[in-house]
Amino acid sequence: MRITVFGASGLLGKALVQELAAEQLTALSSKDADLRDPSQVQRAVRTSRPDSIILCAAYTDVDGCESNRDLAFAVNCEGAVHVAQAAHEVGSRLIFLSTDYVFDGSKGSPYQTSDPRNPINVYGESKAHAEERLLEILPDVCIVRTSWLFGHGGKCFPATILKLAATRPEISVVNDQRGSPTYTRDLASALVQLCRKSASGIVHATNSGDCTWYDFAREIVKMSGLSTVVKPVTSAEFPRPARRPAHSVLSPESLHAHGIHMPEWQNALRRYLESAPPASPSVVP
Ligand SMILES: NC(=O)c1ccc[n+]([C@@H]2O[C@H](COP(=O)([O-])OP(=O)(O)OC[C@H]3O[C@@H](n4cnc5c(N)ncnc54)[C@H](OP(=O)(O)O)[C@@H]3O)[C@@H](O)[C@H]2O)c1
């Protein structure tokens, strides 16, 4: 397969580059092609002429998006439109990475792909608009919604918890947001399978099972054999610029329909921890 990845320098992009090592891969960061510039995007796609494009590039700072609405829409929505237009021009298929944050989190049970979008933060809005625009430009686009990514080669929740737990006896973590942690290696494998199957439409792809951030943190500390106490707190006690959905678990039915099953998040976390460098010890003066 000839594949072009936008966002290859990001958390998911790095796992994808590994997964696609045997393919004819063009791996792009923002330095190679800025999504906001249609001519740069067009040039990159015309040059690589891929069978498929995987678009993981995005402005992913959820809190930053609140104060940089224009940037969020320029990259996440207009940037995605530029990629879809270039894909249309050369006849490439497109897989677009989207998010559980297109939902408001009030349903209380796993979201189906057909559930209406109703984002409650700017990041989610920019992705929800992008989904709508892409479906108009490329009716056979594949929109893959995922959530709570963790993996090697960038900032992620388990790495942050390990860093804090190495130096603090107690950490507080929110216990009123529920979702599905997703290991970038497992998602990269699912994305490549979707590519091979020429999947289209909306697909929900996360590790199986769900938890709160507090549950996730407890499991990280427990599996790492650390003694740090994890204390549950509410989102109200831990205010952030962007609101987060309370329950954004995504139903796996659409992924299963393609014959793809992702492992439980605890299994994924164990593999991540086994391959992660050990948490740095407390600094001794
Ligand atoms: N992280 C999560 O928990 C999560 C959850 C749900 C969905 N997603 C989605 O999954 C995808 C991958 O997320 P991630 O966490 O791997 O992202 P990430 O680590 O933040 O990486 C973002 C990537 O986008 C590139 N990028 C940013 N601005 C760009 C621009 N203007 N032009 C071109 N490239 C640009 C970055 O390139 P540089 O390195 O050159 O800046 C980097 O390669 C995203 O679409 C994200 O919305 C993520």
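This text walks through the aromatic pairs, the ligand surroundings and the cavity of a predicted model.

Start with the aromatic rings. The whole structure contains 11 aromatic pairs. Take Phe-157 and Phe-216 as an example. Their rings are stacked, with 5.1 Å from centre to centre and 20° between the planes. An angle under 30 degrees counts as stacked, so this pair earns the label. Where do the two residues sit? Phe-157 belongs to helix α6, residues 157-165, and Phe-216 belongs to helix α8, residues 213-223. The pair links distant parts of the chain, 59 residues apart. Both Phe-157 and Phe-216 are buried.

Now look at Tyr-183 and Tyr-272. This pair is edge-to-face. The ring centres are 6.0 Å apart, and the planes meet at 85°. Edge-to-face requires an angle over 60 degrees, so the pair fits that class. Tyr-183 lies in strand β9, residues 182-183, while Tyr-272 lies in helix α10, residues 265-275. The pair therefore ties together parts that are 89 residues apart in sequence. Are these two tyrosines buried or exposed? Buried means under 20% relative accessible area. Tyr-183 has a relative accessible area of 0%, so Tyr-183 is buried. Tyr-272 has 4%, so Tyr-272 is buried too.

Both pairs belong to one aromatic cluster. Its members are Trp-148, Phe-150, Phe-157, Tyr-183, Trp-213, Phe-216, Trp-265 and Tyr-272.

Next comes the ligand. There are 25 residues around the ligand. Which of them come nearest? They are Ser-9, Leu-12, Ser-30, Thr-60 and Tyr-123. Look at Ser-9 again. An N or O atom in the side chain of Ser-9 is 2.6 Å from an oxygen atom of the ligand. Backbone atoms take part as well. A polar backbone atom of Cys-56 is 3.2 Å from a ligand oxygen. For Ala-58, a polar backbone atom is also 3.2 Å from an oxygen atom of the ligand.

Finally, turn to the empty space. The structure holds one cavity of 30 Å³ or more. The largest cavity has about 50 Å³ of space. Its lining consists of Ser-52, Arg-93, Leu-94, Ile-95, Asp-140, Cys-142, Leu-194, Cys-195, Ser-198 and Ala-199. Two elements give two or more residues to this lining: β4 (93-99) and α7 (184-196). Which element gives the largest share? β4 does, with three residues. By class, the lining has six nonpolar, two polar and two charged residues.

Notes:
Residues are numbered from 1 along each chain as its sequence is written. This is a predicted model: local features need pLDDT of at least 70, side-chain atom pairs count only at pLDDT 80 or more; totals for chains, interfaces and linings use all residues. Side-chain values use heavy atoms; hydrogens and water are left out. On a 1 Å grid over the protein atoms alone, a cavity is a set of points where a 1.4 Å probe fits but cannot get out, and a pocket is an open set with protein on both sides within 12 Å along at least five of seven lines; lining residues have an atom within 4 Å of a point. Grid points are joined across faces, edges and corners, and a volume is the space filled by probe spheres set on the points. Helices (H or I, at least four residues) and strands (E, at least two) are DSSP runs, numbered from the N terminus. Ala, Val, Leu, Ile, Met, Phe, Trp, Tyr, Cys and Pro count as nonpolar, Asp, Glu, Lys and Arg as charged, and the others, Gly among them, as polar. Rings of Phe, Tyr and Trp (its six-membered ring) pair if their centres lie within 6.5 Å; planes under 30 degrees apart count as stacked, over 60 as edge-to-face and the rest as tilted. Buried means under 20% relative accessible area, exposed over 50%, partly exposed in between (1.4 Å probe, protein chains only). A residue is near a molecule or strand if one of its heavy atoms lies within 4 Å of it. A polar contact is a pair of N or O atoms within 3.5 Å; within protein, one must be able to donate a hydrogen and the other to accept it, and residues adjacent in sequence count only if both atoms are side-chain atoms.
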